[in-house]
Amino acid sequence: MEGRSKSNKHWAAAVSLIAASVMGMGSIQAKGVSDADIVQDAATANDVVSFGMGTQGQRYSALDKINTESVKDLVPVWSMSFGGEKQRGQESQPLIHDGVMFVTASYSRIFALDVKTGKKLWKYEHRLPDGIMPCCDVVNRGAALFGDLVIFGTLDAQLVALNRETGKVVWKEKVDDYHAGYSMTAAPIIVKGMVISGVSGGEFGVIGRVEARDALTGKMKWVRPVVEGHMGYTYGADGKAKDNGISGTTNATWPGDLWKTGGAATWAGATYDPETNLIFAGTGNPAPWNSHLRPGDNLFSSSTVAINPENGKIVWHYQTTPHDGWDYDGVNEFVSFDYVKDGKTIKAGGKADRNGFFFVLDRTNGKLLNAFPFVNKITWAKSIDLKTGRPVYDDANRPGDPTKGADGKKGEVVTSAPSFLGGKNQQQIAYNPKTGYFYVPANEWAMDIWNEPVSYKKGAAYLGAGFTIKALNEDYIGALRAVDPVTGKIVWENKNYAPLWGGVLTTAGNLAFYGTPEGYLKALDATTGKEVWSFQTGSGVVAPPVTWEQDGEQYIAVVSGWGGAVPLWGGDVAKRVNFLEQGGSVWVFKLHKS
Ligand SMILES: [Ca+2]
Ligand SMILES: [Ca+2]
């Protein structure tokens with residue numbers, strides 16, 4: 001009887017959806033990717049319709065046909081080149097829906113490919129103007145799907161929505177002025193029919209913010225700046241902006257006018273937790289880098305900010321590096337998970353911060369539950385005080401004030417670890433609920449850093465700092481680490497010569513997949529860290545792998561193409577890895593026998 005009544009209910013729901021679409025009522029939910037598809041993405045194996053393989057960002061799949069035993073039979077099915085002379089860093093996560101892969105590439109390109117054959121269905125190349133100013137290579141991290149649209153951000157700070165079947169532009173919105181240093185590299189996410197996006201440009205004194213637009217039309221719903229002092233807005237049907245409250249309290253944590261060019265770029269986008277109905281956006285460094293110009297915490301820079309999607313207001317924030325002086329952007333993804341301690345389950349989130357500490361927060365209120373180092377060397381702080389939630393600074397290790405230097409132009413040089421490229425940077429962590437571990441692509445490196453005088457000039461680098469990055473060890477920089485969020489212990493590690501720059505995928509098959517700049521896609525035993533499979537993709541992997549099921553078979557896909565921030569900013573490390581070759585392709589794998 002129960003089965004009968006269930007199917008009746010499904011039938012009724014289907015009829016009402018058809019009716020709604022026939023009558024032009026309701027949204028486009030009956031066709032293409034719906035809000036429900038996105039909210040359930042982590043639980044549905046036959047598609048990947050969100051960045052993070054679920055908006056909570058766990059990058060976990062319950063698929064286990066590919067496992068520690070069978071993975072030896074994993075072979076390539078096809079590979080497709082992004083072509084052209086435009087290679088450079090490929091940091092994109094593919095999306096999979098209805099047998100089609102949507103994958104972005106360097107220079108604001110996107111491809112639609114048949115997932116079983118790699119056949120190109122369409123390609124869109126955004127026309128980029130001269131004079132774009134991406135700080136850290138011409139990368140893109142992925143698209144969002146909603147209804148019949150595929151939506152992505154471009155290097156000239158636009159959002160573009162294409163018809164997923166034809167690749168034709170449906171809407172295009174300018175987000176901001178690329179002449180002022182704005183660009184977009186993050187994958188947008190979809191929350192309740194809205195496309196949620198951030199901005200890049202923290203090295204140019206932009207204003208970090210989170211925007212929500214109607215995903216079907218591109219029209220603004222709200223904007224929330226993440227630099228204290230700036231007004232947020234909501235937008236009515238007429239498109240007119242309405243004041244929605246200032247973020248924070250003007251000048252409470254910023255001196256003078258510095259908040260007007262305060263940085264905190266939201267360049268890595270956001271995650272969304274349907275259980276608490278909160279958007280978690282990471283924010284970048286306060287601008288400029290020279291911290292002596294801006295005494296105070298400089299909210300909401302270098303933080304995780306929780307935003308209510310219904311009204312665009314900040315519900316809580318947690319600042320991982322108050323008064324940052326090292327370019328420790330707090331943009332790294334905040335991943336929702338169940339934190340089980342002393343028999344109690346807490347709705348928590350985990351974040352492997354650029355500053356070298358792993359933070360566990362109560363995701364309902366932002367309270368600190370645990371914090372511990374996930375790299376071997378941290379110089380800027382001695383620890384994170386679990387009572388106050390604040391770092392215990394080592395004041396001697398803050399780069400000096402240039403006005404106190406011998407010539408008034410260069411502050412005291414300090415050696416800081418991690419380097420500003422971070423204990424972890426854009427390469428995404430994964431959480432496996434079966435092992436209870438987070439998998440963190442970590443890097444061990446330091447930098448000599450010093451401060452210099454600087455003033456804001458539109459479109460010019462706004463750092464007030466000089467630096468050089470160096471390795472800490474001869475034999476490795478990168479290390480994939482399994483960390484236990486409860487004990488704060490590194491359970492195992494697998495070292496890598498070059499710095500790791502690609503995200504992680506973990507599965508119920510007890511595997512952790514990740515790529516290396518040396519070109520390998522690897523699978524490790526998720527419990528022990530032992531390598532069980534690897535494949536050479538022909539160029540460095542700096543992107544996160546995904547998995548899904550197609551016609552009963554489990555597939556893995558990853559993008560290959562060395563680049564990103566390391567070759568551009570890496571100093572001694574860039575020289576050390578200058579043997580790595582560029583590329584630009586996507587690889588798809590499955591078991592050759594099942
Ligand atoms: Ca799915
Ligand atoms: Ca930065």
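Trp 569 is buried, with a relative accessible area of 19%. The cut-off for buried is under 20%. This is a predicted model, and Trp 569 is one way into its aromatic contacts.

**Aromatic pairs**

The count of aromatic pairs comes to 37. One of them joins Trp 569 to Phe 467. The two rings are stacked, 5.7 Å centre to centre, with 25° between the planes. Where do the two partners, Phe 467 and Trp 569, lie? Phe 467 belongs to strand 31 (residues 465-471), and Trp 569 to helix 3 (residues 565-569). The pair therefore ties together parts that are 102 residues apart in sequence. Phe 467 is partly exposed, at a relative accessible area of 22%.

Trp 533 and Phe 589 make another aromatic pair, and this one is edge-to-face. Their centres lie 5.4 Å apart, and their planes stand at 85°. Trp 533 sits in strand 37 (residues 531-536), while Phe 589 sits in strand 40 (residues 585-591). The pair links distant parts of the chain, 56 residues apart. Trp 533 counts as buried at 8% relative accessibility. Phe 589 is buried too, at 0%.

Aromatic residues also gather in a group. Tyr 318, Trp 326, Tyr 328, Phe 357, Phe 359, Trp 380 and Tyr 393 form one aromatic cluster. Tyr 393 has a charged partner as well: the charged end of Arg 398 sits over its ring, 5.5 Å from the centre. Elsewhere, Arg 59 lies over the face of Phe 51, at 4.6 Å from the ring centre.

**Two calcium sites**

The table sets out the calcium ions.

| Ion | Protein donors | Distance from ion | Citation |
|---|---|---|---|
| calcium ion (ligand 1) | Asp 41 (O), Asp 41 (OD), Thr 44 (O), Thr 44 (OG1), Asp 47 (O), Asp 47 (OD) | 2.2 to 2.5 Å | |
| calcium ion (ligand 2) | Glu 203 (OE), Glu 203 (OE), Asn 285 (OD1), Asp 327 (OD), Asp 329 (OD), Asp 329 (OD) | 2.3 to 3.2 Å | |

Start with ligand 1. Its donors follow the spacing D-x2-T-x2-D along the chain. The angles among the 6 donor atoms run from 71 to 160°, and the site of this calcium ion is irregular. Asp 41 is buried at 3% relative accessibility, whereas Thr 44 is partly exposed at 26%.

Now ligand 2. The donors of this calcium ion follow the spacing E-x81-N-x41-D-x1-D. Its site is irregular, with angles of 43 to 164° among its 6 donor atoms. Which loops hold Glu 203 and Asp 327? Glu 203 lies in the loop between strand 12 (194-197) and strand 13 (209-214). Asp 327 lies in the loop between strand 20 (313-319) and strand 21 (335-341). So the pair ties together parts that are 124 residues apart in sequence. Glu 203 is buried at 8% relative accessibility, and Asp 327 is buried at 2%.

**A six-stranded sheet**

Strands 12 and 13 also take part in an open sheet of 6 strands. The order is 11-12-13-14-15-16, and the pairing is antiparallel. What stands at the edges of the sheet? Strand 11 (189-191) and strand 16 (241-246) do, each with a single partner strand, so one side of each is left without a neighbour in the sheet. Neighbouring strands are turned by 25° against each other on average, direction ignored.

Look inside the sheet. Strand 13 is joined to strand 14 (residues 220-225) by 5 bridges, and the two run antiparallel. Glu 211 has Val 223, in strand 14, as its bridge partner.

Conventions
Residues are numbered from 1 along each chain as its sequence is written. Chains are lettered from A and ligands numbered from 1 in the order in which they are written. This is a predicted model: local features need pLDDT of at least 70, side-chain atom pairs count only at pLDDT 80 or more; totals for chains, interfaces and linings use all residues. Side-chain values use heavy atoms; hydrogens and water are left out. Donors are N, O and S atoms within 2.8 Å of the metal (3.2 Å for Na, K and Ca); water is not among the atoms, so sites may look incomplete. Four donors count as tetrahedral if all angles lie between 85 and 135 degrees; four count as square planar and six as octahedral if opposite donors are over 155 degrees apart and all others between 65 and 115; anything else is irregular. Helices (H or I, at least four residues) and strands (E, at least two) are DSSP runs, numbered from the N terminus. Buried means under 20% relative accessible area, exposed over 50%, partly exposed in between (1.4 Å probe, protein chains only). Two strands pair if DSSP finds at least two bridges between them. Axes are lines fitted to C-alpha atoms, for helices over the stretch in contact, and angles run from 0 to 180 degrees between N-to-C directions. Rings of Phe, Tyr and Trp (its six-membered ring) pair if their centres lie within 6.5 Å; planes under 30 degrees apart count as stacked, over 60 as edge-to-face and the rest as tilted. A charge sits over a ring if NZ of Lys or CZ of Arg is within 6 Å of the ring centre and within 35 degrees of the ring normal.
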